[in-house]
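Trainee: Could you take a close look at one strand in this chain for me, together with its partners and the packing around it? I would like one connected account rather than a list.

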Amino acid sequence: MPEAPLTRDEAVADVDALYQPSHDEFARQRMIGVMRNHAFHNLRYAVADEYEKVVAPRLAKEGKPLPQDGHAIDKVMQSEHLYRFYSAIRYNSQEMMYLSVQDPVLRVAGDMIEIGRDATARNPAGGSLRLAENFEVPRYVTAQDIHLAPGCFHSEYTADDLTQGAILQFGSMVGVGGMAHRKSAGVVAQSVSNWLTLKYPDFKPKRILDIGTQSGKNLIPYLDEYPDAELYGIDVAAPCLRYGHAKAEHEGVAIHFSQQNAEALDFADGYFDLIVSSFFFHEVPVPATKRILKECYRLLSPGGVMAHMELPPSKLAGPVLDFMWDWDTQNNNEPSYRAFRGQDPAQLVAEAGFAPANAFEVHVPNRDSFTKEQRVAFFRGEAKAPLHGKGSWFVFGGRK
Ligand SMILES: C[S@@+](CC[C@H](N)C(=O)[O-])C[C@H]1O[C@@H](n2cnc3c(N)ncnc32)[C@H](O)[C@@H]1O
């Protein structure tokens, strides 16, 4: 018999309900969201067009050699007005996205922290939060404000602070137009889990681990496909874990969050059947990426699967797409981005210990953008799945 849902008194309060931007704050956020979307979806492609239709022909006419890779295109384009305009709009709207939610979060920081404490004390949904003492956040996280988010993922300013987790969540909502916690990025997990059920129809993971889980948004949707699975999420950032734990306990979802570096995890060999991540590896230097993939191999049970959603590698892109995607390397405080994309994911998977025949690289269609029939047709290769960013997510991984 299914368990009765928690009553209002038992459930942890919703930390998000405290966030109430004023009229003017909300108007500013809408404006920033529009600017960012315009830069991301329109100006970005206009810049690529400018390169292909104006700048490359001009170089050819002048008898100059054409740039051979994305980095070289970037150097040529830096003196073009449109590219500079695009970069200025994108950089500033990205930074303002987070700045615009700071005040409304900080006004209610005390009450948010109390909800987080209540969640940790009671765990009514059955999850847990395990933070490490004297934890060393890796230098590749602390050295810069990744994504231009002031305070990055890990900064805490008072005891039990979770505000940075809330700021990142609400900031990203400004950028995507205001979707709720479960939906805002959970679309990746919805899509990947759905694809996994097509690829491995008999696969029923008992324990699922999400690395770099932040607040668990792209972990929760795995329950839709695997309702009996136990969920685990690890991250180096305590404020994000506290925020995610408070949200999960409010939503009645049991997640075991812990603060750990994915390069060396404290779980036993073979503890997980499924290990996932999303938007994670492009922020990690290549040597650490290799250590993390080896950890995934160690932690998987025989027959276990790992599936990482990431940016597609350069080998699948070509110079113009590389130029467009690698903008973040220099401009969005993500210095490992280009180096990660320069790797061959299938080779990384094989080097981590997986049999090369069990490695995969695939474009997974966004679940809600296509019908079930269309998704099955993509899966069977009867139709070509769209590229990452055009309706699909790039995913790489392997089966042990
Ligand atoms: C872009 S966020 C990923 C967000 C999340 N997976 C999602 O889909 O919403 C990257 C996360 O990885 C975490 N991180 C970075 N390096 C890490 C490491 N070595 N071990 C564990 N977490 C790490 C950061 O703290 C951050 O929360």
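Mentor: Happy to; what follows begins with the whole chain, turns to the strand, and then visits a few other places.

A word on the ground rules. Residues are numbered from 1 along each chain as its sequence is written. This is a predicted model, so local features need pLDDT of at least 70 and side-chain atom pairs count only at pLDDT 80 or more, while totals for chains, interfaces and linings use all residues.

The secondary structure comes to 16 helices and eight strands; these are DSSP runs numbered from the N terminus, with helices being H or I of at least four residues and strands E of at least two. The chain has a radius of gyration of 21 Å, close to the 21 Å that the globule rule gives for 400 residues, so it is as compact as a globular protein of that length. That radius is taken over C-alpha atoms, and the globule rule is 2.2 Å times the number of residues to the power 0.38. Along its principal axes, the C-alpha trace spans about 70 × 55 × 45 Å. Of the 400 residues, 43% count as buried, where buried means 20 or more other C-beta atoms within 10 Å of a residue's own, exposed means 12 or fewer, and partly exposed lies in between, with C-beta atoms placed from the backbone. Among contacts between residues at least 6 apart in sequence, 80% join residues at least 24 apart; a contact here means that the two C-beta atoms, placed from the backbone, lie within 7 Å.

Now to the strand I would pick, β5, which covers residues 272–278. Seven of its seven residues are buried. β5 pairs with β2 (residues 207–211) in the parallel sense over three bridges, and pairing requires that DSSP finds at least two bridges between the strands. You can find this pairing by looking for I208 opposite L274, and for L209, whose bridge partner in β5 is I275. β5 is also joined to β6 (residues 300–310), by six bridges and again in parallel; there S277 stands opposite H308.

Between β5 and β6 the chain passes through helix α11 (residues 286–299), and the three make a right-handed β-α-β unit. Right-handed means that, with the strands pointing away from the viewer, the path from the first strand over the helix to the second runs clockwise. In the loop between β5 and α11 sits F279, which has a positive phi of about 50 degrees although it is not a glycine. F279 counts as partly exposed because it has 17 C-beta neighbours inside 10 Å.

Stepping across to β2, four of its five residues are buried. β2 pairs with β3 (residues 230–235) in the parallel sense too, over five bridges, and I211 has I234 as its bridge partner in β3.

These strands also contribute to the packing. In soluble globular proteins, nonpolar side chains tend to be buried together. The largest nonpolar core here has 85 residues, and those with the most contacts inside it are A166, V192, I208, L209, I275, C296 and V395. Such a core is a set of buried Ala, Val, Leu, Ile, Met, Phe, Trp, Tyr and Cys residues joined through C-beta atoms within 7 Å. V395 is in contact with V192, A307, H308, M309, V362 and V364, leaving aside neighbours within four places in sequence. A second, separate core of 10 residues includes A39, L43, Y51 and I73.

I73 takes us to helix α2 (residues 70–77), whose buried residues are G70, I73, D74 and M77. They cover an arc of only 105 degrees around the axis, which puts them on the same side of α2; the arc is that of the directions from the helix axis to the C-beta atoms. What covers them includes α1 (23–61), α3 (81–106) and α12 (319–325).

Finally, look at A246 in helix α10 (residues 238–251). A246 counts as buried because it has 29 C-beta neighbours inside 10 Å. Leaving aside neighbours within four places in sequence, A246 is in contact with V12, V15, I115, G116, A119 and L162.
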